[in-house]
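Colleague: Got a minute to walk me through this model? I'd like to go piece by piece.

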Amino acid sequence: MSREAYQVPSMGTQNAFGNDAGYTNAMATDTPSVVYLCGECSARVPLKRGDQIRCKDCGHRVLYKERTKRMVQFEAR
Amino acid sequence: MAPAPTNTDWSVEFDTKRRDHLFRNPPKDHTAFPSLAESIKPHVDSFNAIFEDSKILQAALKDIGTKTFLDGDIETAEQRKLRIAEGRRPPRRNRLNVRVREVFLDKPTLPPTNKYSTKNREIYPSECRERHATYRGKLRARLEYQVNNGDWMESIRELGQVPIMVRTNRCHLEKASPEELVNHKEESEELGGYFIVNGNEKLIRMLIVGKRNYPMSIIRGSFVKRGQTYTKFGVQIRSVRPDQTSQTNVLHYLSDGNVTFRFSWRKNEFLVPVMMILKALVETNDREIFESIVGGATSNGMKNTFVTDRVELLLRTYQAYGKHSKSDCRSHLGKSFRPVLGVPADMSDYDCGTEFLRKVVLPHLGNYNVTETQDYDKFKMIIFMIRKLYALVAGDCAPDNPDAVSNQEILLGGFLYGMILKERIEEWLRSFGPIARDWSIRNNGATFTDPTFERDFLSKIVKRSNENIGNALEYFLSTGNLVSPTGLDLQQTSGYTVMAEKINFYRFISHFRMIHRGSFFAQLKTTTVRKLLPESWGVLVSCPYSGWFSVWSVSHIPKVLVQLGVQSTSSVALNDSVVVQLDGRIIGFCSPQQALKIHDTLRYWKVAGKNNIPRDLEIGYIPNTNGGQYPGIYMFSQSARMYRPVKHLALDKTDFVGPFEQPFMEIACVESDLVPGVSTHIEFTPTNMLSIVANMTPFSNYNQSPRNMYQCQMSKQTMGTPGTSIAFRTDNKLYRLQTGQTPIVRPPLYNAYGLDNFPNGMNAIVAIISYTGYDMDDAMIINKSAHERGFGHGTIYKTKIHSLAEKERRKSRREITKLFGFAPGDEVRGDVRNLIDEDGLPHIGIRVKEGDKIAAFHNVRYDAASDTYVNVDGITHYLKYKDAEVGYIESIRIMGSENGNEPIQNISVKYRIPRKPIIGDKFSSRHGQKGVCSQLWPAVDMPFSESGMQPDLIINPHAFPSRMTIAQMIESMAGKSGALHGHPQDSTPFQFSEENTATDYFGHQLRKAGYNYYGNEPLYSGITGREFAADIYMGVVYYQRLRHMVNDKFQVRTTGPVNALTGQPVKGRAKGGGIRVGEMERDSLIAHGAAYLLQDRLMNCSDSQLAWICRECGSFLSTQVAVAGSGSGSRARAAINPGAVAAAAKAAPNQQAPGGAASVGGALGGQAGIVRCRRCARQATFNDSRAEAWEDGTGLRYVGGDNVTVVAVPGVLRYLDVELAAMGIRMKFKIDN
């Protein structure tokens, strides 16, 4: 669809949450830990970059990413 | 008090509360829908049989037996001669015996290398789906070995991990209750029966094979090709060993009356005179053979000169071999087949012959520790086959049809799995021989008695063999290819497995119910195999209770038969004696009159349950006929047969009837078919012949039969509800209907199969009217308001694996070179941050479109000092979303390794793509009436009824006359009255008749609800508000949304990717290519005189280009760009080709670039636009004017050749010119004006 669809000639980004399109410095020093959910026991598993993938509680090997906490909104068109 | 067991009785009622309760509280005891589980039982049971009770694998190990290898060198012929001349004894060689005593298969568990999970080390199917892994368990074998006659030593060997069928005795969920299933992320009605290979659900197809242990007479033209004097006649038997592997034996008739025995061994065919086999089996003489074929000297058989002549010849020609005694024949066979049998070198020829008879000749009659009685059974069977062969040649019996279900059975998935397992184990044992010899050579001729051997056997020899049997089975399941040195007596090498697609539940369940005819079937040019034969009645399509297993003992039946008067003497005259067989073993003979009595008695006992006759015994009584099927009583008790329940009239009890016995029985379909004194059985219900899917077509007996077939096809392509555990599924593509409903019109079976757990469509108010211009044939109009309320709204879930690990480097210890996340210190754009989270993975719930960055990663190197991964370059790389369609990120799974010690390398992202119905999407009723949505019509403009009702859907009346789907009309009435009264309508076929019509039944209901008796009502135009002249047929029809949607199909382009060589558009929708306007389309456009359209399609949207051509010599190739003249005044404006730019503009008026004429010439002829024909120019001389001269790239100066122009030509024309020039052919174009 998108290839042929009419592109609205708008400025900036198309994405809904286009706050600032500038550059930000990502993780200058320490890697942040992100919390995942265990696929077996639903425990919250914080992982850092390069950590081994398993639940800290039950050792399960599938983790789900949590739904984003940000506001998600789209333009209704 | 214990809670009451879950009720498993279902009616046609909606049962809303009961189903809701079941859904909220999955039963703790057993499933509420046992008939569903029953329907896939053959898969699960056949897998269970490999390791459990019937111990198929144990029988296989017995058949494999002990493999023996000798050390030292094999004597050459000269050495042997020399040794015998010197009178020395043969050198003593040591024997190494190996055998597999037992095979164990464990349930799937974590490998011991994983030290992190302590509580629960079991691996469940859902984890394998989510991790895109294989659900497999460790296979181990108890290997025993001995040297010479020493003690047996044993070792447990690990043979890799083999895939395990879900819900079998090697699965954790075998006896799980619905509640436990839900706790383990399965459907509450998970059936199992499939394997999980790399996250895909794979199942082994059921395959049609010849009926086991029944000698079939066959006339096949290709038999003539076996050799000289071979004829088309043969008798073939598929002899099945206790381990379910089979060996086909064929007797061929030769034109001189002789008979040869053919078999195939390790993919090679061998022919043996049948006499030699007979004489090798038992100690016998020519008279005994003659009399056992023809009959006693006083019998009627002696009068059959056709047979006596041939038997005489059979015996006479065999004299030439000069092998008479049993030991002579066995030794001869042994000597001949020693090289292919794989027996140890020191085995005697006689023993080798015995081994041959055990393995190849009718193994179903004796396969392990063959006794003399068993050999005699084999002898009798071959004699019988010779008789049948002669009867076939003489025309006394008809050939059996190998395409009829009566001569077929089913190869079940589990059995095939067991066969492959057996073969792999045997190959593994055989492989020790060469490895041991190699070991001996490496150790300077060490022998098996050396002490080093005992030390090295396990560590060096067994270790070197390929012990990974699990890998072979995983390969088989993932590709469906059979890699086998023996061929397993099967006809094809590929296509054994299919993916169990969960497009909707009908599709899924159909995979388990289908039967594969073999891939050769599809290529057959003759249509005889497709013939619908009367003996196939009710067997293939459904078989509610297919007989796959017999746990009954049949060992007492021969004794019972002898009491009934079966005796051992016989003659070739069929009027005197007919055969009585049980599972391919000849019990004896009796007269035809006796045979009928025996059959009747046995069947009575079987149905009544007396004398321990098994309930599922197939008693095939074939009466004496004039040149029909060869008569006799053939009983079958073994597994893999088909059978179905019918009612025995006399006893009023269930009798299981198989396809072999069925053609000779009198089974009435309905009561009106009963013939007094003839009919013995009656169908329980006429719908027994319909499959699960076919039963769901309402009133299917009112439809033209092809329409019912179309519906069965289409219900499997419906966008329905694949299940309730969608969140835990990772199928590549999953379709889901958001607004599924239970049909108002459905049979009671709908509830029995629990199909409300998987709704497949919506009840729609359908008006049959030609209303707008948009309802042309097979198009339908959807009410826009219905659309907005969610009619037919669907979703597609796509799961994609994004992996960082490179695929190329296998085996080598994978090193981590990339990690998800932004490179430390890298600057990241804000719009990327909006898509990608801190961890380098996308946010869940965001919208992604083509080309969006969805994951970030960077290169790392492992730093052993700090035990971390270090990034050096500080560059972030991105993975992109490549689909053309906008989607949303539904979920992300981070897949760890089985060992639980690796960082993120793979993520599995599930995308959700909403698909509301749009113009061009496909819909269908349940009667093979598919149509495409042609317009979403505003509700205000829809017609309305007196009560203000508007249709959800308008279809054109022309859909009916030619297709004759009367059942849809009945469904419309039934649905309408059902909706008005609030009760479900039973739509079982065959319930109405001419006297008691469906129209009256539902018409009365409609009248009671205040509607027109015939289901039509006055409608008013939504546009004018006036009543239509005719009453419109309007009712409630269940509509399915099919998965074929325009968004997956549309293919349009004006410009786009082109082929690099020709400049023409590429093909293929995925690549953005076009649909070819081919010769026929071109012809049609010419015929219409649509010249401009042709020009547009074939030139402008294809490879049109502007090219310079010389007017004088008519050549593309000789034109060249002149380098800007060296002189100061030479580069004058006048030097530009006169008129060329104008010509270019004329040639391609629609390609005029916005820059003006100069840029057209400029694009072609370089900066200055000076193009000359090199061929028409001459080298400049001293006295040529500088203004006229031009310069080529090498500094040479020329004069002339300026009569060039620009033309628009197809790019391939110039390419053709170049190609022809390369062959020395010049093309010349004549340029006018």
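Colleague: How far apart do the end C-alpha atoms of residues 237–410 of chain B lie?

Modeller: Keep in mind that this is a predicted model. UniProt, in an unreviewed entry, places "domain: RNA polymerase Rpb2" at residues 237–410, 499–540 and 1073–1118 of chain B. The span 237–410 is 47% helix and 17% strand, and its end C-alpha atoms are separated by 15 Å.

Colleague: And what is the end-to-end separation for residues 1073–1118 of chain B?

Modeller: That span belongs to the same UniProt feature in the record. Residues 1073–1118 of chain B are 50% helix and 15% strand, and the C-alpha atoms at the two ends lie 34 Å apart.

Colleague: What are the dimensions of the chain B C-alpha trace along its principal axes?

Modeller: Chain B has 1233 residues, of which 42% are buried. Its secondary structure comes to 33 helices and 52 strands. Of the contacts between residues at least 6 apart in sequence, 70% join residues at least 24 apart. Along the principal axes, the C-alpha trace spans about 125 × 105 × 75 Å.

Colleague: Which strands are at the edges of the open sheet that contains E7 of chain B?

Modeller: That sheet has 3 strands in the order E13-E7-E15 (chain B), with mixed pairing. Strand E7, residues 206–210, pairs with E15(B) in the parallel sense over 2 bridges, and Met206(B) has Ile515(B) as its bridge partner there. The strands that pair on one side only, and so form the edges, are E13 (408–411) and E15 (515–516) of chain B.

Colleague: Are helices H3 and H14 of chain B roughly parallel or antiparallel?

Modeller: Helix H3 (residues 41–51) and helix H14 (residues 413–430) of chain B pack with their axes 6 Å apart, at an angle of about 30 degrees. Angles under 35 degrees count as roughly parallel. So H3(B) and H14(B) are roughly parallel.

Colleague: Which residues of H14(B) does H3(B) meet?

Modeller: By class, this contact has 5 nonpolar, 5 polar and no charged residues. From H3(B) come His43(B), Ser46(B), Phe47(B), Ala49(B) and Ile50(B), and in H14(B) they meet Gly413(B), Gly414(B), Phe415(B), Tyr417(B) and Gly418(B).

Colleague: Now the two chains together. Which strand gives the most to the side of chain A that touches chain B?

Modeller: In the contact, 40 residues of chain A meet 52 residues of chain B. The chain A side divides into 17 nonpolar, 14 polar and 9 charged residues. Strands E1 (23–25), E2 (34–38) and E4 (62–65) of chain A each supply at least two of them. The one that gives the most, with 4 residues, is E4(A).

Colleague: Which residue of E36(B) does Leu63(A) stand opposite?

Modeller: E4(A) pairs with strand E36 (residues 887–895) of chain B in the antiparallel sense, over 3 bridges. In E36(B), the residue opposite Leu63(A) is Ile894(B).

Colleague: One last residue. Is Lys185(B) buried or partly exposed?

Modeller: Lys185(B) sits in the loop between helix H7 (178–183) and strand E5 (195–197) of chain B. Leaving aside neighbours within four places in sequence, Lys185(B) is in contact with Ser126(B), Ser725(B) and Phe728(B). A residue needs 20 or more other C-beta atoms within 10 Å to be buried. Lys185(B) has 19 C-beta neighbours inside 10 Å, so it counts as partly exposed.

Colleague: How many residues along the chain separate Lys185(B) from Thr724(B)?

Modeller: In space, the C-alpha atoms of Lys185(B) and Thr724(B) are 9.7 Å apart. Along the chain, the separation is 539 residues.

Note on methods. Residues are numbered from 1 along each chain as its sequence is written. Chains are lettered from A and ligands numbered from 1 in the order in which they are written. This is a predicted model: local features need pLDDT of at least 70, side-chain atom pairs count only at pLDDT 80 or more; totals for chains, interfaces and linings use all residues. Two strands pair if DSSP finds at least two bridges between them. UniProt positions are given in the numbering used here, feature names are shortened, and annotations may be inferred rather than shown by experiment. Axes are lines fitted to C-alpha atoms, for helices over the stretch in contact, and angles run from 0 to 180 degrees between N-to-C directions. Angles under 35 degrees count as roughly parallel, over 145 as roughly antiparallel, 65 to 115 as roughly perpendicular and the rest as oblique. Two residues are in contact if their C-beta atoms, placed from the backbone, lie within 7 Å. Ala, Val, Leu, Ile, Met, Phe, Trp, Tyr, Cys and Pro count as nonpolar, Asp, Glu, Lys and Arg as charged, and the others, Gly among them, as polar. A residue is buried if 20 or more other C-beta atoms lie within 10 Å of its own, exposed if 12 or fewer, and partly exposed in between; C-beta atoms are placed from the backbone.
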